[in-house]
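Please open the model in your viewer and follow the selections below, each of which comes with a short account of what is there.

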Amino acid sequence: MVSEHGAVVRIERTTLERDGVVVVRGVVPRELALDVAAASDRTIARLADDIDRPVETYMRSVSVWRCRSAAVGGVQEVQAPVAELVSALLGQAVTSTKTSVIRKSRHSATGTPWHQDAPYARRTPYVVSTWLALDDAGEGDAMLRFLPGTHRQAPAPLVDYWRPDFVDRAPDTSAREVVFPVAAGDVLVFDPFVWHASLPCKSGRRRLAVSARWVTPDCAWTVPIPSPVDVEFGMRNAGSVTEDVLRAAYKRFVGPAPTEKTDLLAAWRARLLVEAPAGVEVVRAIDALVRLGTLDVAHHLHDAGDQEGHVYRDIWRSLVGPLRLLDVARRA
Ligand SMILES: O=C(O)CCC(=O)C(=O)O
């Protein structure tokens with residue numbers, strides 16, 4: 001499959017160029033990939049413990065760990081054959097950027113919506129993405145799906161699936177969707193512009209994967225990528241909007257607001273147990289505040305994130321959105 005198997009590499013390169021995606025089986029031995037998956041879960045449990053959160057709460061709050069995380073440190077060993085594969089496919093040396101561990105499970109069961117990767121990396125061009133399965137993923141296990149050939153369409157602005165009114169839609173294309181069941185150790189190599197998504201994790205089983213972007217020394221985007229569209233609340237401003245709205249509303253309804261965000265979230269939790277402004281969904285809001293507090297700490301200390309954006313969507317629906325509406329009504 002790699003350099004010593006030239007003919008196979010040529011077929012894979014042709015498929016990648018034609019479809020924008022190719023699956024390469026058995027890049028990492030299955031047992032090794034599964035061992036690394038189990039070790040990743042132990043690391044993730046330890047990270048939860050480090051910040052005094054039950055594993056359950058931690059996993060309901062974060063579902064991706066990026067470069068600076070111990071969770072990613074633990075998968076470097078299995079990325080070596082992936083680097084060899086990519087360099088054989090491209091015929092030149094490559095280095096990885098943005099390596100992350102993505103975990104789907106019953107705690108984060110929503111599929112990743114349809115998107116192209118390049119618009120999220122407008123200023124950091126790269127050549128291909130890889131996605132290494134650390135678990136077997138079949139029916140119900142959040143398999144990846146692609147629209148082959150769509151990498152040749154003009155790029156769209158980034159899909160902001162954190163916005164509250166987001167609807168997951170495939171792009172307008174005649175391409176037929178291809179779903180990839182994988183075994184632990186298989187790798188999907190794909191073009192930065194191909195449209196792809198993952199299915200929901202209906203089984204609730206763990207599906208761990210290592211996602212990485214690969215660069216060559218002189219790589220650049222070959223087509224202009226449209227700027228992101230401004231939204232009231234989305235992946236680029238959800239953190240600051242949430243903090244501003246919570247602080248302003250706290251001052252209005254309760255009194256002086258705590259300066260630190262962690263204290264502000266805790267103060268809102270305490271307040272909601274006593275009294276809630278109109279429209280606020282108390283139980284859901286308290287849960288979202290707990291998860292947001294966990295996400296913030298895990299982000300700073302573990303380079304972790306909410307791959308699905310569900311923490312911010314929940315806080316918007318249950319608390320921030322209603323508070324914003326009250327403010328609009330008050331000003332009218
Ligand atoms: O793992 C997933 O669900 C999505 C992965 C993905 O979209 C990517 O690596 O670009």
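Begin with the two halves of the view: the centres of domain 1 and domain 2, taken over C-alpha atoms, are separated by 31 Å. To select them, use 2–215 for domain 1 and 238–331 for domain 2, bounds that come from an automatic or database domain assignment. Residues are numbered from 1 along each chain as its sequence is written. Since what you have open is a predicted model, local features need pLDDT of at least 70 and side-chain atom pairs count only at pLDDT 80 or more, while totals for chains, interfaces and linings use all residues.

Next, look at where the domains touch: 22 residues of domain 1 are in contact with 23 residues of domain 2, a contact being two C-beta atoms, placed from the backbone, that lie within 7 Å. On the domain 1 side, select α3 (55–61) and β2 (64–65), each of which supplies at least two residues; helices (H or I, at least four residues) and strands (E, at least two) are DSSP runs, numbered from the N terminus. The largest share of that side, four residues, comes from α3. By class, that side of domain 1 divides into eleven nonpolar, seven polar and four charged residues, where Ala, Val, Leu, Ile, Met, Phe, Trp, Tyr, Cys and Pro count as nonpolar, Asp, Glu, Lys and Arg as charged, and the others, Gly among them, as polar.

Now select the ligand and the residues around it, I102, T112, D117, S129, W131, A142, H196, S198, A209 and S211, a residue being near if its C-beta atom, placed from the backbone, lies within 6 Å. Strands β4 (128–133), β8 (196–198) and β9 (207–215) each supply at least two residues of this shell, which divides into four nonpolar, five polar and one charged.

Finally, select helix α6 (residues 238–253) and helix α9 (residues 310–331), whose axes come within 10 Å and cross at roughly 45 degrees; axes are lines fitted to C-alpha atoms, for helices over the stretch in contact, and angles run from 0 to 180 degrees between N-to-C directions. Here A238, T242, V245, L246 and A249 in α6 meet Y312, I315, V320, L323, R324 and D327 in α9, and the residues of this contact divide into eight nonpolar, one polar and two charged.

Keep α9 and add helix α8 (residues 282–302), whose axis comes within 9 Å of that of α9 and crosses it at roughly 145 degrees. Residues R284, A285, A288, L289, R291, L292 and L295 in α8 meet V311, D314, I315, S318 and L319 in α9.
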